[in-house]
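Grab a pencil and open the viewer. Below are some exercises, each followed by a solution that you can trace step by step.

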Amino acid sequence: MNFASRVEKIPPYLFVEISRKIARKRAEGIEVISFGIGDPDLETPAPVIDVLRDTAGDLPNHRYPESEGLPEFRKATADWYQRRFGISLDPEKEVISLIGAKEGIGHAALCFIETGDIALVPDPGYPVYSVGTWFAGGECHWMPLKEENGWLPALEDIPEDVARRAKVMWLNYPNNPTGAIASIDYFDKVIEFARSYDIAVMHDACYTDVTFDGYRHPSFLEARGAMDVGMEFHSLSKTYNMTGWRLGMAVGNADMINALLIVKSNLDSGVPQAIQHMGIEALNTSDDWIDERNAVYQRRRDKVLAVLDEIGLEVDPPKASLYVWARTPEGFTSGEFAEQLLENCDIVVTPGASYGDYGEGYIRFSLTIADDLLEEGLRRLATYTGSR
Ligand SMILES: *Cc1c(COP(=O)(O)O)cnc(C)c1O
């Protein structure tokens with residue numbers, strides 16, 4: 001069989017060994033507790049599920065949806081952006097539905113990248129930015145995210161010739177995996193950079209509504225001129241515990257949204273309409289629901305931080321996202337340390353290196369783990385003695 005190189009070029013999964021150990025432990029009847037997966041354990045709001053029941057029988061929902069999404073869903077998205085960020089969007093030209101943000105992010109590469117073109121991609125980062133680039137025939141220039149820069153790409157470090165060739169820059173704040181945030185000031189600098197090199201900015205904003213300590217994270221589109229240079233990807237997955245329903249949206253520059261529609265309408269047929277009706281209901285969920293849900297994650301975050309402090313691992317407490325990003329102890333790679341935690345404590349964490357070379361030296365704890373399992377996992381973590 002002759003497979004395309006894009007299928008074979010995908011970097012091999014780095015932590016095969018850890019997966020094997022998890023499987024072995026589970027086979028021995030040991031209950032391994034995973035802090036590895038960023039997938040909300042909490043329920044989709046009940047009224048949203050009711051809408052699925054109510055709309056499942058309606059004939060129009062049995063038929064093909066439009067790729068761009070129902071006008072009512074696009075309107076609900078525009079209203080949400082207005083309410084949430086104070087941004088006015090034209091629901092017809094500046095909003096499109098996605099089968100989850102991941103789908104839009106992957107397809108967006110096809111709008112900008114030709115063979116040999118460069119995408120500026122954060123390292124560490126969500127893998128779809130780089131994989132989408134490779135699938136489109138492009139190359140990644142990695143923008144290191146470093147603690148000393150607040151996990152923001154240092155734009156001045158991007159070589160002039162790379163910037164000239166780059167077509168796209170990917171950003172993601174609040175950030176997965178580091179939990180870092182970005183300010184409007186930073187977005188202003190990105191816009192200036194994008195203008196001077198004619199680069200399209202793709203901002204993945206899917207954690208803006210998972211925040212702690214009363215913090216509010218801006219949309220990229222709040223920065224002046226953002227609509228001229230970029231698009232923002234958002235999702236109902238993390239905001240409303242809806243990962244399983246597959247619903248997201250891209251908003252921003254009308255020409256870019258149109259390009260994405262051209263790609264999408266030729267490859268997919270949009271989001272099932274009953275699910276878009278769920279989305280409309282979800283986008284009207286009260287802020288109180290979000291605050292209460294975030295309080296759950298905040299309590300979990302604080303418990304994780306307390307135990308990390310006890311065992312002497314350094315962390316910067318995150319203001320947003322579903323993750324705690326902790327330094328590995330001296331003398332371990334992130335992969336080795338994750339293996340130690342599995343071997344000695346029966347818990348799973350994600351090694352930072354699996355998100356890119358600059359993730360080395362860190363491990364990621366996800367907060368999407370039921371409270372009783374979290375407590376038990378942390379009891380086990382607290383027994384970690386630091387000896388090799
Ligand atoms: C979870 C996640 C997504 C995926 O969102 P979906 O809408 O479920 O596809 C996108 N970007 C980042 C950084 C994520 O962590």
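Helices (H or I, at least four residues) and strands (E, at least two) are DSSP runs, numbered from the N terminus. The model you're looking at is predicted, so local features need pLDDT of at least 70, side-chain atom pairs count only at pLDDT 80 or more, and totals for chains, interfaces and linings use all residues. Residues are numbered from 1 along each chain as its sequence is written, and side-chain values use heavy atoms, with hydrogens and water left out.

**Exercise 1. The whole chain**

Task: Find out how many helices and strands the chain has, and how its radius of gyration compares with the globule rule.

Solution:
- Step 1. Count the elements: there are 15 helices and 12 strands.
- Step 2. Take the radius of gyration over C-alpha atoms, and set it beside the globule rule, 2.2 Å times the number of residues to the power 0.38. The chain comes out at 21 Å, close to the 21 Å that the rule gives for 388 residues, so it is as compact as a globular protein of that length.
- Step 3. Box it in: along the principal axes, the C-alpha atoms fill roughly 60 × 55 × 50 Å.
- Step 4. Look at burial, where buried means under 20% relative accessible area, exposed over 50%, and partly exposed in between (1.4 Å probe, protein chains only). Of the 388 residues, 55% count as buried.
- Step 5. Check the contacts (heavy atoms within 4.5 Å). Of those with a separation of 6 or more, 76% are between residues 24 or more positions apart.

**Exercise 2. Two sides of a helix**

Task: Work out which residues of helix α3 are buried, and what they pack against.

Solution:
- Step 1. Find α3 at residues 46-55; Val48, Val51 and Thr55 are buried there.
- Step 2. Ask how they are arranged around the axis, using the arc of the directions from the helix axis to the C-beta atoms. The arc they cover is only 50°, which puts them on the same side of α3.
- Step 3. Turn to the face pointing away from that buried side: here you meet the exposed residues Ala46 and Arg53.
- Step 4. Look for the packing partner of the buried residues of α3, and you land on α12 (273-283).

**Exercise 3. Cis bonds in a loop**

Task: Where does Pro174 sit, and which residue does a cis peptide bond join to Pro174? Do the same for Pro177.

Solution:
- Step 1. Place Pro174 in the loop between β5 (166-172) and α8 (184-197).
- Step 2. Read the bond: Tyr173 and Pro174 are joined by a cis peptide bond with omega about -10°.
- Step 3. Move on to Pro177, which is also found in the loop between β5 and α8. A cis peptide bond links Asn176 to Pro177, and omega is about 15°.

**Exercise 4. Positive phi**

Task: Decide whether Arg246 and Asp346 are buried or partly exposed, and say what phi is for each.

Solution:
- Step 1. Start with Arg246, in the loop between α10 (236-239) and β8 (248-252). Its phi is near 60°, a positive value in a residue other than glycine.
- Step 2. With a relative accessible area of 31%, Arg246 is partly exposed.
- Step 3. Now take Asp346, in the loop between α14 (334-345) and β10 (347-348). Phi of Asp346 is near 55°, positive in a residue other than glycine.
- Step 4. At a relative accessible area of 18%, Asp346 is buried.

**Exercise 5. Neighbours of two residues**

Task: List what Pro318 and Phe85 touch, leaving aside residues within four places in sequence.

Solution:
- Step 1. Pro318 lies in the loop between α13 (287-310) and β9 (323-327), and is buried with a relative accessible area of 4%.
- Step 2. Its contacts, without those sequence neighbours, are Gly179, Phe212, Arg301, Leu305, Tyr323 and Val324.
- Step 3. Phe85 belongs to helix α4 (residues 71-85), and is buried too, at a relative accessible area of 8%.
- Step 4. Phe85 touches Trp80, Thr208, Asp209, His217, Pro218, Ser219, Glu222 and His234, not counting residues up to four places away.
- Step 5. For a sense of distance, pair Phe85 with Ile280: they are 195 residues apart along the chain, and their C-alpha atoms are separated by 17 Å.
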